[in-house]
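Could you walk me through this protein, from the whole chain down to a single residue? Here is the structure to keep beside you as you read.

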Amino acid sequence: MKKKTVKILLPIVLLLLVALVILFLVPTIVKNKELKSKNALAEALEKERVEKLEQDKENFLLNEYDGVFISMTEASDFNSDIFYGYIGKNVLKAGAVVESSDEFMDLWLQAEMSENPLSYCVFIIDPFKMYDEEKNDNGEEVYTLNLNIDSIFTSRPNTDFRVFTPFYSIDYWEKSHTEESFERALKGYKEVMTRFSSHDNVTLSSFTAYDWVTKNPSMFNEKGGLESVTSTALFLYNYKDYWKILPKDVDEKIDLMKKNLFFEDPIEEKESILDFYFKKKSKPSVEYAYPGMEDYDVVFLGDSIFALFDGPFSIPTYFTNMTGARVYNLSKGGLTTVHYSDENMSMSELIDYVIAGKKVPYDGFDAFNRDVERFANDEHSDRKLLFVTDMGVNDYIFNISAEGDGESYEKAFKEGIDYIKGNYPDALILSMSIYNIVSYEGGKLINESGCVLNDYKKVMENICKEENIPYIDMETYSSINGENAAYYLDDGLHPSMAGSYEVSKRLCEYISNNK
């Protein structure tokens with residue numbers, strides 16, 4: 001009986017032992033396999049990065065450009081076209097993420113050896129990657145901050161440097177780093193910001209400063225870096241308003257950073273982006289593509305041609321970044337020159353709101369009202385006031401008659417021009433024509449009032465001659481025509497980013513040549 005019991009139990013015990021071995025060994029094997037796979041992937045990615053870096057060095061040495069973009073974080077979301085569109089400079093971007101200050105300097109040396117002008121440069125510098133790991137006399141690991149990049153700014157006093165110090169999400173630090181590494185990062189940020197901000201040719205901005213970014217995980221990609229829309233918006237915001245961290249603000253900034261990220265009760269009253277951590281530079285160091293218009297106040301009055309994108313890629317924003325002019329975008333999609341409805345007021349009625357500095361009480365006028373308020377609050381007496389109009393395409397689409405003494409585009413446009421002159425007698429006025437509309441057979445489709453697009457353009461041209469104001473026919477003055485409409489126009493009417501840039505550039509050229 002006992003022998004039989006032993007015979008029965010022995011296989012069971014062996015099976016249990018095998019099961020236990022499998023239970024303990026398989027996860028280890030799987031883990032090791034996963035680790036090997038991760039290591040292999042990491043090695044492959046590092047090999048790819050090094051190859052990219054070598055290619056960058058060759059590109060920096062052999063190509064022609066105005067400036068360079070070098071980043072210590074993932075920067076695929078920065079499109080080089082943004083730089084050219086906003087600053088009129090051809091900025092060559094490195095494709096590789098730079099992992100140390102030594103790599104950074106090697107790449108920069110190639111750019112200097114190329115003898116390109118390097119008048120405008122964008123850097124994303126991660127202070128955490130600027131530590132050199134060494135061992136002290138006791139054999140302990142110590143970290144020394146390597147700030148040799150600082151010498152770049154000293155050696156090129158006439159270059160405009162835009163430097164970003166990225167800071168990652170709270171989640172990134174909690175998952176990926178120890179408290180010690182976070183403290184080291186804070187120390188690095190303080191040292192970097194203090195040193196870099198002391199240079200007059202450096203505009204320094206830290207992504208950490210934007211509390212809404214560091215507190216919002218959705219702003220970050222899987223690598224811990226900022227998502228495309230976020231980083232692009234921060235770059236454009238930084239460029240447009242010329243924010244600069246001052247050395248005396250660094251201690252306070254670091255304290256606020258620490259409180260916002262790790263204290264249980266972060267500061268309750270969140271300051272706006274406009275006031276958070278930054279001081280404004282008294283004099284921007286940027287070199288404008290079309291200089292001599294910094295003292296202009298330019299009012300863009302029109303429909304969706306001007307209102308499209310409301311910011312980063314609109315014609316008015318391109319214009320202000322290429323000239324330094326103070327710009328007010330008083331436009332909205334769907335506006336007509338004639339009073340078509342309550343929401344579609346006449347050109348004169350729109351100007352009434354500008355004169356009174358009052359908000360339009362209808363939906364969709366938020367951006368319009370914001371700039372009306374800005375215009376009302378700004379002092380214009382010592383500046384050149386210029387109105388740029390672009391109205392008429394919706395009159396064509398909504399079947400409003402082009403000419404006549406009654407309710408017509410001709411009458412409303414003349415009244416609008418006279419109204420601007422009457423209320424702003426010293427202002428300059430320039431009128432830009434509407435252009436190609438593919439969906440309306442290139443503007444040749446006859447509307448219900450019996451008019452084609454060219455009828456409205458002719459009215460605009462005639463009134464401009466009568467009123468002695470400049471008229472620009474964008475179909476002949478710009479590069480936009482029926483053959484390239486797919487590139488310059490998103491839908492045959494509204495400008496693409498390239499179209500907005502083209503129109504703005506032509507406006508800049510015209511005004512610059514006819515001041």
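The paragraphs below go from the overall chain to its cores and then to one loop residue.

This is a predicted model, in which local features need pLDDT of at least 70 and side-chain atom pairs count only at pLDDT 80 or more, while totals for chains, interfaces and linings use all residues. Residues are numbered from 1 along each chain as its sequence is written, and side-chain values use heavy atoms, with hydrogens and water left out.

Let's begin with the chain as a whole. You will find 19 helices and 14 strands in it; these are DSSP runs numbered from the N terminus, with helices being H or I of at least four residues and strands E of at least two. Of the 515 residues, 49% are buried, that is, under 20% relative accessible area with a 1.4 Å probe, protein chains only.

Now look inside. The largest nonpolar core (buried Ala, Val, Leu, Ile, Met, Phe, Trp, Tyr and Cys residues joined through side-chain atoms within 4.5 Å) has 71 residues, and V298, F300, F319 and L507 touch the most other members. Setting aside neighbours within four places in sequence, F300 has contacts (heavy atoms within 4.5 Å) that include F306, I315, Y328, V388 and L507. A second, separate core holds 30 residues, among them I125, F153, F161 and V192.

Finally, visit S346, in the loop between β11 (326-331) and α12 (347-356). Is S346 buried or exposed? S346 counts as buried because its relative accessibility is 13%. Beyond its neighbours within four places in sequence, S346 is in contact with T336, T337, V338 and H339.

Definitions and conventions
Buried < 20%, exposed > 50% of the residue type's maximum accessible area, 1.4 Å probe, protein only.
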